[in-house]
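Dear colleague,

I am handing over the structure below, and the notes that follow it say what was found there. Please look through the structure first and then read on.

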Amino acid sequence: MKIENFQSQVCVSAASTNLTCAKGRAEMGLNMRYLWLDEYLLGKAGATKDLQKDWNWIRYHIGGKMFAAVCLGENDEPYYITLKLEPAEGDFLRKQYEDIVPGYYCNKQHWNSIKPDGSVPDELLKELLDKSYFLVLAGFPKKKQRELLGLSVCGTDCTKCTLLGSACKGCNESDGKVFHAPDGKPCPIYGCCANKHRYAVCGYCDDMACDIWKMTRDPSMTDSQFEASIQERINNLKGVCSYGVRL
């Protein structure tokens, strides 16, 4: 598969953020296996991108910090996909795949570069990009991590709440003192997770969906609605906590 579709996608997205696509980029014929990469990375919560013109890198950020990059050559052909891994895992993978090398113009202990036309399986690359995203995210304070993820400690997406902006400022914005919490005190779930145990989210607790969860509910919900709410929040947190990175 040729790179023109990938680069056309990048160009369209870049244009929407006032980035300039180099002349002739869509004419490149270099093989590019991972045509899904741009859409996949921008689909992550809080992800943004820019074009670092001096380096000719398309960089992907979370909270202003880079977690992945597509390094482009003089003719705007991609020659490396760069991402962050734990040093031991990066070293192991470099020995398994000749297309994974120490990070190009990066800290070679923590960053790794992958050839865009190599033999690294798509699903493995997706897994490595996910790990890179969460490793960089873990560098932020826990409250900021939740804000970037768009989740509360219990996995609730506050933007879906009809009371947000009126009766409630949101879990993270109010330090857990949401509309249903005791007056002047945080929600019991927030108090346990963020204040007592210092977790970013409940997904790192072995007792997730504990009795505190079950006692903290919207009284307007039926039993079936409440159970569905718990399951949705568990699924949200599993997506955050499934890569072995402690937030």
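In what follows, Ala, Val, Leu, Ile, Met, Phe, Trp, Tyr, Cys and Pro count as nonpolar, Asp, Glu, Lys and Arg as charged, and the others, Gly among them, as polar. This is a predicted model, in which local features need pLDDT of at least 70 and side-chain atom pairs count only at pLDDT 80 or more, while totals for chains, interfaces and linings use all residues. Residues are numbered from 1 along each chain as its sequence is written, and side-chain values use heavy atoms, with hydrogens and water left out.

The largest pocket (an open set of points on a 1 Å grid where a 1.4 Å probe fits, with protein on both sides within 12 Å along at least five of seven lines) has a volume of about 740 Å³. Its lining, meaning residues with an atom within 4 Å of a point, comprises 30 residues, with T156, C161, F179, H180 and M221 nearest the centre, and divides into 15 nonpolar, nine polar and six charged residues.

The second largest pocket holds about 190 Å³ of space, and among its eleven lining residues A45, Y133, F134, L149 and G239 lie nearest its centre. By class, this second lining has seven nonpolar, two polar and two charged residues.

Finally, Y133 and F134 appear again in a contact (heavy atoms within 4.5 Å), where these two and L137 in α4 meet Q145, L148 and L149 in α5. The residues of that contact are five nonpolar, one polar and no charged.

Best regards

Terms used. Points joined across faces, edges and corners; volume = space filled by probe spheres on them. Helix = DSSP H or I, 4+ residues; strand = E, 2+ residues; numbered from the N terminus.
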